[in-house]
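Trainee: I should like to learn how to read a structural model feature by feature. May we begin with the two sides of a helix?

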Amino acid sequence: MKNELDKVDKRILDELQKQGRLSNVELSKRVHLSPSPCLDRVKRLEKEGYIKHYSAVLDHQKLGYDMVAYVTVTLDKTTHNSFKQFKEDIILVNEVIECDMVAGGFDYLLKLLIKNMKHYRNTLGVISEISSVSQTHTYMVIEKIKENADIQIL
């Protein structure tokens, strides 16, 4: 069972999501704790799953991925096996950087990171060939207005 988060835990999480490479000494200063108890709290937050992992945010355009697209996917049947098979297949498509099963007018919402239109066409072909996929609709991103992965910690 997870412990309740106190104000210090919340401040630690807030600081780490803003800058995950903070040294423990700097983090402890920011949250007004000595280094040893601060490190103990971070380890507990990791163990309890509040901190899933640490990573770097990369600039996809500098890496040659100039296009972002959202693709809706509708399956021809909505059985346990078709959902399971789609999940197993879509995980293998590297261009899909997010995949969510949704409720509403379609079954999945995919976010693709692609280099150009040829790359998009090839990727869409791979997605369309997945068994049970009956329909896709694509929405190309023209301009990113807001991007923020930080969670508001109450």
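Trainee: Which residues of α4 are exposed?

Mentor: This is a predicted model. In general, an α-helix has 3.6 residues a turn, so residues three or four places apart point the same way. Here, His80, Asn81 and Lys87 of α4 are exposed, on the side of the helix away from its buried residues.

Trainee: Which residues of helix α4 are buried?

Mentor: Helix α4 covers residues 80-90, and its buried residues are Ser82, Phe86 and Ile90. Viewed along the axis of α4, these buried residues lie within an arc of 55°, so they line one face of the helix.

Trainee: Against which elements do the buried residues of α4 pack?

Mentor: The partners of these residues are the strands β1 (67-75), β2 (96-101), β3 (108-114) and β4 (133-140), together with helix α5 (117-128).

Trainee: How should one read the packing of α1 and α3?

Mentor: One considers the angle and the distance between the axes. Helix α1 (residues 7-18) packs with helix α3 (residues 35-47) at an angle of about 80°, and their axes are 11 Å apart. Angles of 65 to 115 degrees count as roughly perpendicular, and α1 and α3 are therefore roughly perpendicular to each other.

Trainee: Which residues of α1 and α3 meet?

Mentor: From α1, the residues are Val8, Asp9, Ile12, Leu13 and Leu16; they meet Cys38, Arg41, Val42, Arg44 and Leu45 of α3. By class, this contact of α1 with α3 has seven nonpolar and three charged residues, and no polar ones.

Trainee: What should one look for in the backbone of the loops?

Mentor: The sign of phi is a useful starting point. Most residues other than glycine have a negative phi. In this model, His32 has a positive phi, near 60°, and is not a glycine. Ser132, likewise not a glycine, has a positive phi of about 80°.

Trainee: Where does His32 lie, and is His32 buried or exposed?

Mentor: His32 belongs to the loop between α2 (24-30) and α3. Its relative accessibility is 66%, and His32 therefore counts as exposed, the cut-off for that class being over 50%.

Trainee: Where is Ser132 found, and is Ser132 buried or exposed?

Mentor: The loop between α5 and β4 holds Ser132. With a relative accessible area of 13%, Ser132 is buried.

Trainee: With which residues is Ser132 in contact?

Mentor: Apart from neighbours within four places in sequence, Ser132 is in contact with Thr74, Leu75, Asp76, Lys77 and Ser82. Of these contacts, Ser82 is one of the buried residues of α4.

How values were computed:
Residues are numbered from 1 along each chain as its sequence is written. This is a predicted model: local features need pLDDT of at least 70, side-chain atom pairs count only at pLDDT 80 or more; totals for chains, interfaces and linings use all residues. Side-chain values use heavy atoms; hydrogens and water are left out. Axes are lines fitted to C-alpha atoms, for helices over the stretch in contact, and angles run from 0 to 180 degrees between N-to-C directions. Helices (H or I, at least four residues) and strands (E, at least two) are DSSP runs, numbered from the N terminus. Angles under 35 degrees count as roughly parallel, over 145 as roughly antiparallel, 65 to 115 as roughly perpendicular and the rest as oblique. Contact means heavy atoms within 4.5 Å. Ala, Val, Leu, Ile, Met, Phe, Trp, Tyr, Cys and Pro count as nonpolar, Asp, Glu, Lys and Arg as charged, and the others, Gly among them, as polar. Buried means under 20% relative accessible area, exposed over 50%, partly exposed in between (1.4 Å probe, protein chains only). The arc is that of the directions from the helix axis to the C-beta atoms.
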